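Me: Please go through the ligand sites of the following model, one question at a time.

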Amino acid sequence: MTATHCPYCSLQCGMTLQRTGPRLEVAERPQRNVHASGADGADGAAASGGLCRKGWTAAGLRGSRERLTTPLVRDRASGELRAVSWDEALDLVAGRLRTLREAYGADANAVFGGGGLTNEKAYQLGKLARVALGTSQIDYNGRWCMSSAASAANQALGIDRGLPFPLADVERTDVLVLVGSNLAETMPPAARHLDRLRERGGRVVVIDPRVTPTAERADLAIQPVPGTDLALALGVLHLLDAAGAVDEDYVAARTTGFDDVRRRVASWWPERVERVTGVEAGTVRALAGMLAGAERVMVLTARGAEQHAQGTATVLAWLNVALALGMPGKEYAGYGCLTGQGNGQGGREHGQKADQLPGYRMIDDPEARAHVAGVWGVPPESLPGKGRSAYELLDALGQDDGPRSLLVFASNIVVSAPNALHVAERLGALDLLVVCDLVMSETAALADIVLPVTQWAEETGTMTNLEGRVILRQQAVTPPDGVRSDLEVIAGLAERLGAPSTWPTDPEEVFAELREATRGGRADYSGITYDRIRAEDGVFWPCPAIDPAPTAQTDEAASTDEAAPHPGTPRLFADGFPTPDGRARFVDVAHTGPAEEPSASYPLHLTTGRVLAQYQSGAQTRRIKELPDDGPFVEVHPMLADRIGAADGELLVVTTPRGVMRAPARVVTSIRPDTVFVPFHWVGANKLTNDALDPSSRMPEFKVCAARVSTVPDSTVPGPTVTA
Ligand SMILES: Nc1nc2c(c(=O)[nH]1)N[C@H]1C(S)=C(S)[C@@H](COP(=O)(O)OP(=O)(O)OC[C@H]3O[C@@H](n4cnc5c(=O)[nH]c(N)nc54)[C@H](O)[C@@H]3O)O[C@H]1N2
Ligand SMILES: Nc1nc2c(c(=O)[nH]1)N[C@H]1C(S)=C(S)[C@@H](COP(=O)(O)OP(=O)(O)OC[C@H]3O[C@@H](n4cnc5c(=O)[nH]c(N)nc54)[C@H](O)[C@@H]3O)O[C@H]1N2
Ligand code: SF4
Ligand SMILES: [Mo]
């Protein structure tokens, strides 16, 4: 029996895996990170007890016929993929990468990673790009997930750790405000924290254009027009200021920049907020009243608030509310972001991002370059600079000055990227597309070369969950014959490219190097070891090798290779903010609205998101028999259904300026009448979405664009249609 964690979301629920004959049995495993639990003994792990349906069925993909087990190369003559040996495949990839580099320069080769990769893989992938390929062109799908909250938290708080406190702290706040999170479906075991909070007498506010299973648990459910959360935050702060609820002492002692924000919100009276957001003035007042009277307030954002062309500004506006109330740094209060992918947090700390080196170091910082180059044993000047962000990278593929090859590790781009028809066209313009995956994803199916890799229970590695807790996913079974780990693929390519430095394939060896690379960085892992993680069931970063404050709590179970182990950092900001002056910063942000507003031709708002039983692009979960797969659907309000003459289950056509999709109607009263919702787990939704980007995070606007919906095939707009 092996203690490990789920392959999917950022909750990284603990589980045990046991082989019984050919089957791999999943059982739940309560986690016991002592640092996470409250002083009064409450069960504090991110998710203890209960897995969601995806977790229980995760072993369904193991050994399934859907798994890729041999490298495949596209035959030029027939256009078909044919099986080849690993040596042949890797020689071919390395040879073509080298030829492209010689012909067009190092930036001709690009890399696209994923937030599902372990820390070790994310680290090694960044190193492959910078050291073996010498390319600046690397980014990853976390740009579509975490980047707006990361950018806002860095600006306001000086650090980006999704939750600056253990998730279970949620239970002890007084008012919890969830802005654009449907955690009851996207991290189901976490919904228990909401129930426990309410049993304690706390209140829950959910802000979402739909009344989701999460909103059904709320004391106040607010349904704004998509893309208007920023205006709502401005309106709330206006009322808090008018009511004298701003914590003036905290603002004076611990922050800067409030005056501009105070001036900004002065004109956001409730009736103006109502006109912009569609939320009644009385409801805005009710929310402000709830916050004004509360001792502890916790604001958590997720993709509903963040995946907008104004996503960073929206998060900043809610951070301003939390700061004005004096919450960040207070126990059981503050601001946090609910990270999404299994390693959404660690994936953004170790060098997959176009502008970053391991340890959350910035690639344009000379000191950071010198440190990391030292660990890698290469001259600092050999490291490339900043590359393009994820969507800009995809948009540039095959263009005059853009990359000519793309290596994809752990993302199903053609399903999950915005404006997906355009992205598919750009992939088609490449000289070389290489995809490493477990299954023949829609993106792998387009590749010139497909490399089959191990997954989850077949390999060991660390993940950093949504709380910043580094956990260990341990290998439980041997991989199918024919597959290799991503680390082996990376090492195989690096060697063939004659790269300097060393390329270990043992995860623990890679982690040892990662610790050195992060030493002294913002996300410092140098005090974390596999043994410590096993003993403590996870360690929160920052965790420098040596504890600078030996008075900190000790843990009997802890065993480290250092004389004075740092306990890790479950809670940030109690003593100050990691900004140059130690203060948090209010940032003055203005509401400008979505990049694409409804018009006469496209009168509705389209938004997208998730359902419980499917994960992301569906590449993994659509292949698991035990999970329901009814295909995509279009959620519409009965009033809209009446207007277009549609019945529940009837095929609808959704059209936006970029594409068309067909899917059956799901007529529900829980959505705004002016808004339609489509899940993105199947091909289709992203043919519709807008690729407008946030200026600071480069996050695409997945969560709102203009659309029209009808019951008859729409002949006025060309473009392929998709059925379930
Ligand atoms: N079942 C399941 N769970 C998952 C995943 C999955 O694919 N499936 N993916 C994981 C990942 S990577 C992520 S990032 C997380 C995402 O977790 P969430 O952010 O909870 O998921 P979403 O469904 O994308 O968006 C949440 C809600 O935002 C609402 N919304 C849409 N537009 C707006 C808006 O303008 N304002 C507001 N306030 N709300 C809006 C949607 O109606 C939706 O209910 O889930 C993780 N967990
Ligand atoms: N319309 C719309 N689009 C969205 C979103 C939205 O809310 N609306 N959300 C966005 C968000 S938040 C996210 S995170 C993205 C996610 O979208 P994707 O980046 O497409 O994520 P996945 O579907 O998880 O794709 C992971 C792929 O990697 C494979 N894989 C899994 N583990 C490994 C591994 O260890 N190594 C390798 N090499 N491969 C592996 C899987 O089989 C799968 O094919 O989608 C974004 N797209
Ligand atoms: S909530 Fe997330 S981590 Fe937990 S079992 Fe479900 S998918 Fe896995
Ligand atoms: Mo995500």
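Me: Which cavity does ligand 2 take up?
Reply: This is a predicted model, in which local features need pLDDT of at least 70, side-chain atom pairs count only at pLDDT 80 or more, and totals for chains, interfaces and linings use all residues. Residues are numbered from 1 along each chain as its sequence is written, chains are lettered from A and ligands numbered from 1 in the order in which they are written, and side-chain values use heavy atoms, with hydrogens and water left out. A cavity is a set of points, on a 1 Å grid over the protein atoms alone, where a 1.4 Å probe fits but cannot get out. The space taken by ligand 2 is the largest cavity.

Me: Which residues come nearest to ligand 2?
Reply: A residue is counted around a ligand if one of its heavy atoms lies within 4 Å of it. By that criterion 29 residues surround ligand 2, and the nearest are N141, S411, S416, D437 and S617.

Me: How far is a polar side-chain atom of S617 from an oxygen atom of ligand 2?
Reply: Polar contacts here are pairs of N or O atoms within 3.5 Å. Q307 has a side-chain N or O atom 3.1 Å from an oxygen atom of ligand 2, and for K703 a polar side-chain atom is 2.9 Å from a ligand oxygen. For S617 the distance is 2.5 Å.

Me: How much of the accessible area of ligand 2 does the protein cover?
Reply: Accessible areas come from the Shrake-Rupley method with a 1.4 Å probe. On its own, ligand 2 has 930 Å² of such area, and the share covered by the protein is 96%.

Me: Which domains each give at least three residues to the shell around ligand 2?
Reply: The shell divides into 11 nonpolar, 13 polar and five charged residues. Here Ala, Val, Leu, Ile, Met, Phe, Trp, Tyr, Cys and Pro count as nonpolar, Asp, Glu, Lys and Arg as charged, and the others, Gly among them, as polar. Domain bounds come from an automatic or database assignment. The contributors are domain 1 (72–145 + 347–461 + 481–506) and domain 3 (604–723).

Me: Why does ligand 1 lie between two domains, and which are they?
Reply: Ligand 1 sits in the second largest cavity, where sitting requires more than half of its atoms to lie within 2 Å of the grid points. Its shell takes residues from both domains, so ligand 1 lies between domain 2 (147–337) and domain 3 (604–723).

Me: Which residue has a side-chain N or O atom 2.6 Å from an oxygen atom of ligand 1?
Reply: Among the 32 residues around ligand 1, the closest are D208, D229, R610, Q614 and Q616. T607 places a side-chain N or O atom 3.0 Å from a ligand nitrogen, and a polar backbone atom of V611 is 2.9 Å from a nitrogen of ligand 1. The 2.6 Å distance to a ligand oxygen belongs to R610.

Me: How many residues of the shell around ligand 3 are nonpolar?
Reply: The residues around ligand 3 include C6, C9, C13 and C52, as well as P188 and P189. By class, two of the shell residues are polar and one is charged, while the nonpolar ones number nine.

Terms used:
Polar contact = N/O pair within 3.5 Å; in protein donor to acceptor, adjacent residues only side chain to side chain. 1 Å grid on protein atoms, 1.4 Å probe; cavity = no way out; pocket = protein on both sides within 12 Å on 5 of 7 lines; lining within 4 Å.
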